[in-house]
Structure formats: structure tokens, C-alpha cells
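Welcome, and please have your viewer ready with both the cartoon and the residue labels within reach. We will go from stop to stop, selecting something at each one and looking at what is there.

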Amino acid sequence: MTNQKNGISRRSFLKGSVAAGAALSAPALWVQGAYAGGHGFRNDPTNKATVTLGFNVPQTGAYADEGADELRAFKLAVKHLNGEGDGGMMQTMKPMNLKGNGILGKKVDFVTGDTQTKSDAARASAKRMIEKDGVIMFSGGSSSGVAIAVQALAQEMGTIFMAGLTHSNDTTGKDRRRYGFRHFFNAHMSGAALAPVLQAEYGDERQVYHLTADYTWGWSQEESIQKATAAQANWKTVNAVRTPLGAGDFSQYITPVLNSGADTLVLNHYGKDMVNSLTQAVQFGLLDKQVNGKDFQVVVPLFSRLMAQGAGESIKGIIGSTGWNWSLQDAGSQAFTKSFGQEYGFPPSQAAHTCYCQTLLYADAVERAGTFDPVQVIKALEDHEFEGMGNGPSLYRGADHQVFKNVLVVRGNQNPSSQFDLLSVVDIVDREQVTYSPDLYAGDLGPYKV
Amino acid sequence: MAKSTITPRSDLILFLGFTAVVLLMPLWLQPFGAAYPDLMQKFAIFGLFAIGFNILFGQTGYLSFGHAAFIGVGSYATVWVFKLMTMNVIPAMIFGVLVSGVFALVIGFVCLRRTGIYFSILTLALAQMSYNLAYSVLTPITNGETGLQLTTKDPRFLDTAMEAGSGIPPTNVFGIEMSAWDGLFGFYFCAVFLILGFYISIRITRSSFGSMLRGIKTNQTRMMYTGLNTKPYKLAAFVISGMYAGLAGSLMAAVDPLAGAERMQWTASGEVVLMTILGGIGTLVGPVIGAAVIKYAENIFSAIDKSVLVELFSFMPDVIGSGLAAVTSLFVGKGWHLTLGILFMLVVIYLPGGIMEGIERIKRRLFGKDHASNDA
């Protein structure tokens with residue numbers, strides 16, 4: 001027990017010790033401040049031989065497949081930037097200011113991190129990159145929740161974030177940030193591109209049941225698809241059920257669909273979730289049913305080849321939209337698919353495509369700005385027109401940092417010629433058709449200087 | 001246990017040593033590649049969380065499997081004060097700790113009616129329920145999976161009365177931003193709370209209240225037979241422990257103004273149990289060490305990939321080097337859980353008292369039996 005005899009001077013001793021400890025640690029402050037001090041912007045690489053980029057992707061969890069492919073694309077982009085390999089899209093992108101000698105003559109280095117598809121883990125990982133590894137830009141994604149969380153961090157830290165796979169309207173809508181940029185398309189564009197095709201294929205007046213991943217992306221896609229199909233073909237929503245991310249088993253959610261009176265099921269799922277829910281929907285025999293005198297149909301608004309690979313047979317005939325597919329015939333897509341294939345032995349996914357493009361677009365913007373200063377780089381990216389990157393003429397809109405480009409409507413291939421030839425392109429929807437006003441999803445970018 | 005060696009003097013030395021080690025982190029963590037603000041903040045925050053958890057688990061023996069719920073509640077409460085009132089962290093943190101304290105009172109009142117595994121399961125169930133509520137049902141309050149974030153449109157009526165700037169103002173302590181001194185201010189801010197929390201935990205452990213708690217752990221039935229009502233003591237310990245967790249959650253929000261539901265998930269609750277067991281149950285410093293080890297593994301090990309290893313082993317002959325790299329790469333990067341699992345198993349099997357027991361054993365080897373087990 002406490003010995004009171006000794007306690008007289010103890011309290012003051014304790015106080016003193018705290019002060020002493022603070023004094024002891026004071027030198028540490030100055031040491032730390034010394035090598036980071038006197039800067040115009042964070043992690044200025046001007047006095048270093050290399051420049052470091054951070055690639056923050058999900059390596060575990062429901063989106064791990066996408067994350068792995070994103071990482072491959074990032075590594076390939078770094079190779080091309082450093083003048084190794086065949087250069088990929090650097091041969092086709094216009095305008096092109098990259099010289100194949102790194103960025104502004106500095107060799108490109110990179111660090112990686114695992115977002116675990118969790119906001120906290122993603123932010124911790126991004127902070128490590130910024131604070132410890134000194135990255136000048138970081139990228140990555142898969143999951144809009146994560147993208148939005150790290151994009152807010154990017155703004156706080158003053159480090160540019162080039163979003164990878166994120167499809168929610170919020171990323172460049174209500175949660176847009178000055179330091180965040182998105183090349184990937186979004187749920188609104190999916191709706192706008194899909195609605196006419198769905199009307200032509202499946203007719204008007206359908207009763208729709210939505211199963212939706214319960215987070216920002218799922219909500220925004222559900223809303224966009226509902227709006228677009230209601231306006232285009234007068235489709236009505238019977239029910240919209242939210243399912244937890246990474247649920248694994250969807251049978252409890254699919255059984256009620258059978259008796260709901262719905263004749264169409266829209267799966268607002270992605271990654272392994274979509275593979276599981278679609279496979280189970282097909283196993284439950286939904287596609288063989290007739291409801292309201294119509295054949296039952298399943299729609300997966302956001303598609304990727306990786307998911308098609310996972311879903312196997314189930315994907316055949318299913319319609320959805322996608323940002324890019326390796327089978328596109330333009331020079332940019334071909335060049336990228338070729339060098340990705342040579343490197344890894346299989347074609348890239350849309351996630352890989354967007355991450356590769358983002359890295360090149362950032363590097364190109366730095367070259368055009370002539371500095372790594374994020375304020376100048378942001379200005380170089382805003383309202384930048386480019387082409388030759390697989391989606392036709394594209395625009396990085398300055399008002400919300402969203403790229404506007406062509407969107408693909410695809411269908412699961414009935415007779416695939418190879419294990420990768422899983423999606424056939426139904427329609428390439430022109431950028432004009434998917435463009436919307438930046439005020440539709442109002443948000444505030446925030447200041448240039450933080 | 002050889003209690004004879006515990007004196008106020010030894011506690012004082014322990015406290016001073018702890019203080020010095022914590023405050024000098026930016027220096028001595030440098031060679032480990034861990035001396036960057038975010039990770040050091042995590043050490044301090046999770047250290048605090050584990051100390052609080054240990055007051056309940058280590059002292060009373062009640063194993064709560066839902067402690068992360070208090071972290072989450074503390075974070076949400078704190079971020080809401082940021083959104084509505086002011087970006088000054090002090091009022092927000094006070095509110096966060098109070099709310100989690102009230103929440104702990106409610107949860108504790110329900111769960112402490114049972115003991116042992118039933119108590120653990122009850123806390124787990126309630127925490128997982130809170131997680132699911134935060135994740136979907138309470139989306140208007142918690143913003144679901146995306147997490148509660150600040151926006152430029154937040155009212156912040158105390159701040160906007162003073163100044164109208166563009167963008168989201170940073171969190172601060174009366175004007176000193178958390179990111180000041182290259183982020184080290186945020187760390188020292190957390191460190192002060194860690195040291196304070198550590199001091200309080202020493203005082204609780206050495207108090208008669210502390211002996212009462214240990215009495216509950218040793219034999220609750222006997223205590224009740226002597227006519228003591230143990231419930232207020234248990235509940236007090238639970239609430240104190242919950243408030244520690246709430247403080248940890250508030251600090252998380254203070255250094256990084258965002259609150260996400262995954263902070264409340266059962267894996268997060270399990271993590272603090274691991275931290276405590278790894279470091280040493282019932283010891284004062286153990287939980288902090290455990291927290292540091294786990295956070296270090298999570299942030300540093302997970303970032304090592306094969307190319308780093310190949311470089312590391314490049315001094316060896318090519319065949320051996322690449323072989324070693326291939327084998328060790330299984331244990332880093334996304335395999336860091338594997339490393340942690342093995343470490344945990346080794347500790348539990350060979351050092352049931354955690355890392356602290358290992359340190360004690362080494363001490364005994366070096367100084368002979370006199371310095372045996374001083375419960376630190």
C-alpha cells in the first residue's frame with residue numbers, strides 16, 4: 001500500500017518529472033523540425049534524386065482481387081515512367097509531355113500499403129506513406145467509402161490523391177475535394193449509359209428489386225439506376241434491400257425476391273460480393289422464372305472482367321456497364337493491354353486501367369506544371385483535355401475533378417473464345433450522353449492552399 | 001506474489017521511467033522506422049486503451065469482448081462536437097469521454113449481472129449490436145460505412161462566430177493545430193494523456209479500491225459471503241475502463257477527425273484482448289507494450305514487400321538470398337497476421353504472463369532472485 005511517509009514531496013516530484021520529461025524531449029522536436037522545415041509544400045522532392053509515389057490498395061477483404069490488379073498496373077506505370085519496358089500508353093496519350101526519364105528527371109520510386117477496405121486502416125496506411133515515406137502523391141482505391149475517407153485526408157495533408165476504383169457519385173459529388181481526382185466513371189454515368197440499353201433489351205414497365213451494398217457506393221448506384229430507368233423506361237422499384245459489405249452468403253436476401261412480384265433483380269454489388277450474390281441468384285433459378293408474363297432478368301450495373309471470371313457460368317448474358325475493357329480496339333487500349341500482358345501474362349482489368357491512367361495523368365500534369373508543387377499540379381489537371389488512353393477524348397472537369405469519357409455497356413459473353421474473353425461490348429456510350437452538370441451532386445472542393 | 005518489493009519509491013521510478021520512454025519516442029523509435037507522428041499517436045492511443053482495458057480485465061478478471069464499442073462511441077461523440085460546436089479538441093474530448101462513460105454505465109449494468117464466459121458473450125453481443133447500428137440503422141448519425149466526416153457546411157457555431165475561413169479548419173488545442181511541429185504536437189498531446197492514464201492506473205492498482213477489484217478476481221463468492229456488495233466495485237471498474245476507451249476514441253478523432261463504424265467491430269475488441277495478453281495481464285506496463293507491438297506489426301510489417309526483402313538479403317549468395325526472401329515474404333506484407341499469430345502463440349505457450357513475464361525472467365537471470373516479480 002501507499003507509504004505516506006514518502007508521499008510528502010512525491011506529488012511535486014511528479015509534477016517536476018513531467019516538466020523534466022518535456023524538457024528532455026524538446027531536442028527531439030528540433031531534430032524532427034530541422035529536416036522537414038522551411039518548405040513550400042509537403043514532401044518536396046526537389047533536393048532528392050528520386051520521387052516517391054504511394055499505392056494504397058486493398059490487399060485483403062472483399063476487393064482484394066481488384067487491389068492486386070491495381071498494384072500490378074501501378075508497378076507497370078512506374079516502369080514506363082522510368083523508361084523501362086515498351087512505354088505502354090505513353091506512345092498513344094495526347095498531349096504527352098513525359099520523357100521516359102521519371103518525373104521532371106527524377107526516378108520514380110513507390111511504396112505500397114493495404115487499405116483492408118476499411119477507412120481507418122486506409123487512412124493509417126496513407127498517413128504512413130505521407131509522414132514516413134514522404135510520398136508526393138498517393139493513389140489507390142476499391143471501395144468508395146475508403147476513397148472518400150482518404151480523399152479528405154489528402155486535403156488535410158496537402159498531398160494529391162489520384163483515386164483508383166471508386167464509382168460512387170459522392171467521390172466527386174458531395175464529398176469532392178480539391179486534392180482528390182477521379183478518372184473512373186461513376187454511378188450516374190452507369191445509369192445514363194445503361195437505361196437506353198436496358199429499355200431496348202428488356203422493355204418498359206418492369207418491377208425491379210434492388211440488392212444494394214450498404215455504403216456510399218451502393219446507395220448512390222441504387223439511386224442513379226432507379227432514376228435513370230424510371231425516366232427512360234418507367235421501371236418501378238418493388239423493394240430495395242441493403243446488404244452488408246462482404247456478406248459472403250446472400251441466400252437470405254435472394255429468397256424474398258422470388259415472392260416479391262419483381263421481374264428484374266438489380267445487384268448493386270461489386271467484387272467478391274457480386275460474384276457471390278450473382279452466383280446464388282442464378283443457382284436459385286431466378287433466370288428461369290417468368291413473372292408478370294416477362295422473363296426474369298438480372299442486371300449488374302457495375303461490371304468488371306475480374307468479377308466475370310469469378311462468377312463463371314453465371315455471368316453469361318448479364319448486362320452491365322464498365323469503365324474499360326481490354327478487348328477495345330483503339331491504339332491506347334491495345335498498347336496498354338499488350339504491355340500489361342507481356343509483363344504479367346494476362347490482360348488488365350478496368351481497375352488496372354484506371355490506376356495506370358491516373359499515374360500517367362499525374363506525372364504528365366507535373367511535367368506540364370514544371371513543378372511538384374501540388375497547387376500548380378492541381379491547376380494543370382483541372383479542365384485538362386486528353387485522349388489516347390482508351391476512352392476516346394476525355395476531360396478532367398475542373399468543377400468537380402471528375403473525368404468525362406466514353407462508358408461501355410457490356411454483356412457476359414455467351415461463347416467466350418478464351419478464359420479472359422468474358423465480356424462483349426454492347427455499346428460504347430458517348431461522353432456527351434453521360435455528362436451532367438457539376439451542381440447535380442453539389443459539393444465544395446475547398447481551397448488550393450492548405 | 002512477492003509484494004514486499006512494491007514501494008511508492010519503486011512506483012515512482014516506474015512512472016518516471018515510463019514517462020521518459022514515452023516522451024523520447026521520437027528519438028528511440030527512429031531506428032525502427034516507427035518515428036512518424038501517425039504511428040506514435042497510435043502507440044499512445046492504443047496504449048491508453050489497453051491500460052483502461054486492463055483495469056477491468058487485469059484487476060477484476062472480467063473479460064470484456066466488446067470494449068471497442070466505447071472507442072466508437074467516444075469517436076462519434078467527439079466528431080459531432082467538432083461538427084456542431086468547435087474544432088478545439090478539449091470540449092469535444094470531454095463530451096466524448098462523458099458519453100462513453102454513460103454508455104459504459106448502461107452496458108455494464110446489464111452485462112455485469114453475469115460472470116465468466118456469459119459476461120464476455122454479453123459484451124460481445126452488445127458491442128456487435130452497436131457496430132451494426134452504427135453501420136446501417138443509425139446512418140443519419142454515423143454516416144454508415146463511409147464514416148462520420150467533417151464538411152465545409154458544418155455549423156461549428158463557436159468557430160464561425162470568430163472567423164470565417166475557407167475549407168475545413170484543422171483540429172486544435174486553443175489555436176495550436178494538431179499537425180503543428182510536423183505532427184509531433186498531436187503525438188505529445190496523446191502522450192500526455194497516456195502518461196496521465198498510466199499514473200491513474202498505478203494509483204487505482206495500489207488503492208484499497210484496487211485490492212477490492214483483485215479480491216473480486218480471486219474469489220468473488222468469498223467476498224460476497226463476508227457481506228460485501230461487489231457490484232458497485234465491478235461497475236465502477238467497468239465505467240472507468242469504458243471511459244479510458246472513450247478517451248482513446250476521442251484522441252483518435254482529435255488527431256484524425258473521422259469516426260468509422262469499423263472501430264467498433266469485434267475484431268477491434270479482440271485486438272485489445274490480444275494486446276493485454278501479449279503484454280501481460282494485470283501488469284501496469286504490459287498492455288502498453290502489447291499495444292505497441294501489435295500496432296507496429298500492423299503498420300510496418302504489413303508494408304514490407306518482397307522487393308524489400310530481396311534487397312535485405314542481397315548480401316548473401318543469390319540462391320540462399322532469394323530463398324530466404326521467398327520464405328520470409330510469407331510473414332510480412334499481407335501475411336503480417338501470420339507473424340502476429342505465431343508470436344501470440346509462442347507468448348501464450350511459453351510466457352503465460354506475457355512479454356512482462358519474459359522481462360521478469362531476464363531480470364531474474366541477471367540480478368538473482370531478489371528482484372523477483374514486482375508486479376510492474
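At what angle do helix H12 and helix H17 of chain B pack? Keep in mind as you look that this is a predicted model.

**Stop 1: two helices in chain B**

Select residues 266–279 of chain B for helix H12 and residues 354–367 of chain B for helix H17. They pack at an angle of about 10°, and their axes are 3 Å apart. Angles under 35 degrees count as roughly parallel, and H12(B) and H17(B) are therefore roughly parallel to each other. Now show the side chains at the contact: H12(B) brings B:Ile277, B:Leu278 and B:Gly279, while H17(B) brings B:Gly354, B:Ile355 and B:Met356. Coloured by class, this contact of H12(B) with H17(B) shows four nonpolar residues, two polar ones and no charged ones.

**Stop 2: another partner for H17(B)**

Keep H17(B) on screen and add helix H13, residues 286–299 of chain B. The axes of H13(B) and H17(B) come within 8 Å and cross at roughly 110°. These two helices are therefore roughly perpendicular to each other. On the H13(B) side, pick B:Gly286, B:Ile289 and B:Gly290; on the H17(B) side, pick B:Gly354, B:Ile355 and B:Met356. This contact divides into three nonpolar and three polar residues, with no charged ones.

**Stop 3: the domains of chain A**

Move over to chain A and colour it by domain: domain 1 covers 50–185 + 326–405, and domain 2 covers 188–322. The centres of the two domains, taken over C-alpha atoms, are separated by 29 Å. Their contact takes 17 residues from domain 1 of chain A and 19 residues from domain 2 of chain A. To find the domain 1 side, highlight helix H2 (64–81), helix H4 (144–157) and helix H11 (350–369) of chain A, the elements that give two or more residues to it. The residues on that side of domain 1 divide into five nonpolar, eight polar and four charged.

**Stop 4: a seven-stranded sheet**

In which order do the seven strands of the open sheet in chain A run? Follow them as E7-E6-E8-E11-E12-E16-E17, and note that the pairing is mixed. E7 and strand E17 (423–429) of chain A stand at the edges with a single partner strand each, so one side of each has no neighbour in the sheet. Neighbouring strands here are turned by 20° against each other on average, direction ignored.

Zoom in on strand E6 (residues 207–213) and strand E7 (residues 236–243) of chain A, which pair in the parallel sense over seven bridges. Two pairs are worth labelling: A:Leu211 has A:Val241 in E7(A) as its bridge partner, and A:Tyr209 stands opposite A:Asn239 in E7(A).

Next, add helix H6, residues 216–233 of chain A, which makes a right-handed β-α-β unit with E6(A) and E7(A). Helix H5 (residues 187–202) of chain A lies across strand E8 (264–268), strand E11 (297–302), strand E12 (319–322), strand E16 (407–412) and E17 of chain A, and runs at about 155° to E12(A). H6(A) also packs on the sheet, where it touches E6, E7, E8 and E11 of chain A, and its direction makes about 160° with that of E6(A).

**Stop 5: a three-stranded sheet**

Now look for an open sheet of three strands in chain A, ordered E13-E14-E15 with antiparallel pairing. Its edge strands are strand E13 (384–386) and strand E15 (403–404) of chain A, each pairing on one side only. Strand E14 (residues 394–396) of chain A pairs with E15(A) over two bridges, in the antiparallel sense. Label A:Tyr396 and its bridge partner in E15(A), A:Val403.

**Stop 6: two backbone details**

Most residues other than glycine have a negative phi, and most peptide bonds are trans. With that in mind, centre on A:Pro95, in the loop between H2 and strand E2 (107–114) of chain A. The peptide bond from A:Lys94 to A:Pro95 is cis, with omega near -5°. Then go to A:Asn43, in the loop between helix H1 (10–36) and strand E1 (50–57) of chain A. A:Asn43 is not a glycine, yet has a positive phi of about 60°.

Key
Residues are numbered from 1 along each chain as its sequence is written. Chains are lettered from A and ligands numbered from 1 in the order in which they are written. This is a predicted model: local features need pLDDT of at least 70, side-chain atom pairs count only at pLDDT 80 or more; totals for chains, interfaces and linings use all residues. Axes are lines fitted to C-alpha atoms, for helices over the stretch in contact, and angles run from 0 to 180 degrees between N-to-C directions. Helices (H or I, at least four residues) and strands (E, at least two) are DSSP runs, numbered from the N terminus. Angles under 35 degrees count as roughly parallel, over 145 as roughly antiparallel, 65 to 115 as roughly perpendicular and the rest as oblique. Two residues are in contact if their C-beta atoms, placed from the backbone, lie within 7 Å. Ala, Val, Leu, Ile, Met, Phe, Trp, Tyr, Cys and Pro count as nonpolar, Asp, Glu, Lys and Arg as charged, and the others, Gly among them, as polar. Two strands pair if DSSP finds at least two bridges between them. A crossover is right-handed if, with the strands pointing away from the viewer, the path from the first strand over the helix to the second runs clockwise. Domain bounds come from an automatic or database domain assignment.
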